[in-house]
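Here are a few exercises to work through with the structure open beside you. Try each task before you read its solution.

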Amino acid sequence: MESVGKKVLSIGILLAGIAMLIAALAMDFTGSESTARGPLLVIGIIVFFVGLYLFPTLKHHRKIVYFIFLFPLLFTFVVTVIIPLVLGICYSFTDWTGIKFTQVVGFQNYIAMFKDPSFIWSILITFIFVALNMVLVNLVAFLLALLCTSGLKGGGFFRASYFLPNLIGGIVLGYIWQFVFNNVLNSLTGNVSMLVKTHTALFAIVIVYIWQYAGYIMLIYITGLTQIPGDVLEAAKIDGATPIQTLFQVKIPMIASTFTICTFLTLTSAFKQFDVNMALTNGTGSVPDFMGSYLTNGTQMLALNIYNTAISKNSYALGQAKAVLFFIILAVVSLIQVRISNRKEVEL
Amino acid sequence: MGEGRQVGKEAKVRAVLCTVIGIGVAAYVLFPFYLVVLNAFKAQSSIVENPISFAGTSFKQLITNLNAVITNSNFNFWYAFGTSAVITVISLVLLALFGAMAAWVISRNNRKKWSAAIYMVFIASMIIPFQVVMLPLISTFRDVGKFIGISMLQSIPGIVFAYCGFGGAMTVFILAGFIKGVPYDLEEAASIDGCSPEGTFFRVIFPLLTPVITTVTILNGMWIWNDYLLPSLMLGQNGKVKTLPVAVQAFVGSYVKQWDLILTAALLAILPMIIIFLIAQKQIMSGMIEGAVKG
């Protein structure tokens, strides 16, 4: 008897939820401007799930719970990542304006961006920036990790202070360093700020990036180094290995997987660098002659170029096509990196 | 004996050398922070004159600067701080809860095809850069908002929704990795005792996840609190709702070269994060390491 009552109740709630959903959707499709339709839709979904949850079935209860548990995250994920990704790839082949599109233009956006010297320049400096950072950040971070694990007194303080810049958002960091370059270091660089000339400004971005990121990568190297078993180092010492030999023949091979993680992290994050670039130079800087034209976006890296194309210049379809290319480059480069590192790890 | 003393001496020299280098690097790393704090105590004229010296610093000037920044209508510090805090906290709670729920379902069904497929999609999606989805995301959210009659842009619920979507993959990945290591016997015992599946999850599994949920919350929190691009696109530069990074950008944009105000604003913007770091230094650093090693 009780279970019949429960069944009726749960079906009642389920139906109420569905009724609310239908009512809300009907209002949407008929173009009603009633402000109740949004809340009705949300409440309808919740009521529907409550009814589903209360449904008295021993056989399917587990499945219902699984569905309810998966739904919230999967739903937000599909709406914010999967749908925009699919739409974005489609939009890159149209004359999309950010709101609507009128016709499919094929590969026109892709052809247009390769004819644009300023975009080629952005790709070029992004690659240089990424390569420089992969080497320099890892080198600096590894040296700092060696320093911190070599019996440095007060190691905790040093670790924390080296890591500190990583806590601060790129926008604020960028403005702080703009001040440092323009008002403090300019006396060292002949009263001309490093941010004025294109090539020194690029170097300035590298400096800020190392400052921000090396402390974080250092922490990962420290973890790797402290995981090397003590008896291995002891054995090397007894065999008469010098510290340099121990470093190159014992320590570095033993933390090969840490190197893989760190190069991957620096590669992907340097590639996506946006905030510091925007706050420090906003991409400005003149290039007198590149592919026969004068450029004003000397320090504009790919991510910022995409943003400016779409938001500042209002060319959404072109910006989206650049973003798709950016995605492809990033995916290919990271796959190659992982493959090379894995092979190296096996060799070692 | 003699050799031993020499080794001891060498070690001492090395220790001193290491300390000197360590302090040198620390001074370099902390120098910009020192400049921010120092110059927040100064008026514009003495900053321009000499940004490194103590000349011209006074508490009165700090109060003046703070007052000017906090009451500034472009910055609106307390409002921006509150907005950032609300968005970050709600997103973190929802991500931890929904993430754990989804991760549990995925890892308890890992032999089934649908579960493996969802997991693969989550992992693959981690390489997708924000740039490739950001433009269609805005138009999708605008359309959805118009359709359901609840604005998804320029609203806190909309941005929390987006953070749940973007943070979901990494959260599930780390949590599912941990749940796989939790013995299944625990759940079977609970279910023999008559515990429902959802009861098992909330009473047995969820409490066990505390350490890994801390890790996930730190990783997501650092990213969401500092994020600029997503809120600037969704909320707009001149919209009503602003997060702290967006407010800093809007403020600096309107006060070019007013370093007394800009640096005071920077100080206010970095202070909350530094205070949290001082309190939970160990957890934050180990959380960041774990996130990197597992991701």
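**Exercise 1.** Find the domains of chain A and describe how they meet.

*Solution.* In this predicted model, the domain assignment splits chain A into domain 1 (2-106) and domain 2 (111-347). Next, look at the spacing: the C-alpha centres of domain 1 and domain 2 of chain A are 42 Å apart. Then count the contact, which takes 9 residues from domain 1 of chain A and 6 residues from domain 2 of chain A. Finally, sort the domain 1 side of chain A by class, and you get 3 nonpolar, 5 polar and 1 charged residues.

**Exercise 2.** Work out how many residues chain B and chain A each put into their contact.

*Solution.* Chain B gives 70 residues and chain A gives 75. On the chain B side, the largest share is 12 residues, from helix α1 (residues 2-40) of chain B. By class, that side of chain B has 56 nonpolar, 13 polar and 1 charged residues.

**Exercise 3.** Decide how helix α3 of chain A and helix α6 of chain B are oriented where they cross.

*Solution.* Start with the axes: those of α3 (residues 61-91) of chain A and α6 (residues 130-148) of chain B come within 8 Å and cross at roughly 105 degrees. Angles of 65 to 115 degrees count as roughly perpendicular, so α3(A) is roughly perpendicular to α6(B). Now pick out the residues that meet: α3(A) brings a set including Ile83(A), Leu87(A) and Tyr91(A), while α6(B) brings, among others, Val132(B), Leu135(B) and Thr140(B). Sorted by class, the residues of this α3(A)–α6(B) contact are 11 nonpolar, 3 polar and no charged.

Conventions. Residues are numbered from 1 along each chain as its sequence is written. Chains are lettered from A and ligands numbered from 1 in the order in which they are written. This is a predicted model: local features need pLDDT of at least 70, side-chain atom pairs count only at pLDDT 80 or more; totals for chains, interfaces and linings use all residues. Axes are lines fitted to C-alpha atoms, for helices over the stretch in contact, and angles run from 0 to 180 degrees between N-to-C directions. Helices (H or I, at least four residues) and strands (E, at least two) are DSSP runs, numbered from the N terminus. Angles under 35 degrees count as roughly parallel, over 145 as roughly antiparallel, 65 to 115 as roughly perpendicular and the rest as oblique. Two residues are in contact if their C-beta atoms, placed from the backbone, lie within 7 Å. Ala, Val, Leu, Ile, Met, Phe, Trp, Tyr, Cys and Pro count as nonpolar, Asp, Glu, Lys and Arg as charged, and the others, Gly among them, as polar. Domain bounds come from an automatic or database domain assignment.
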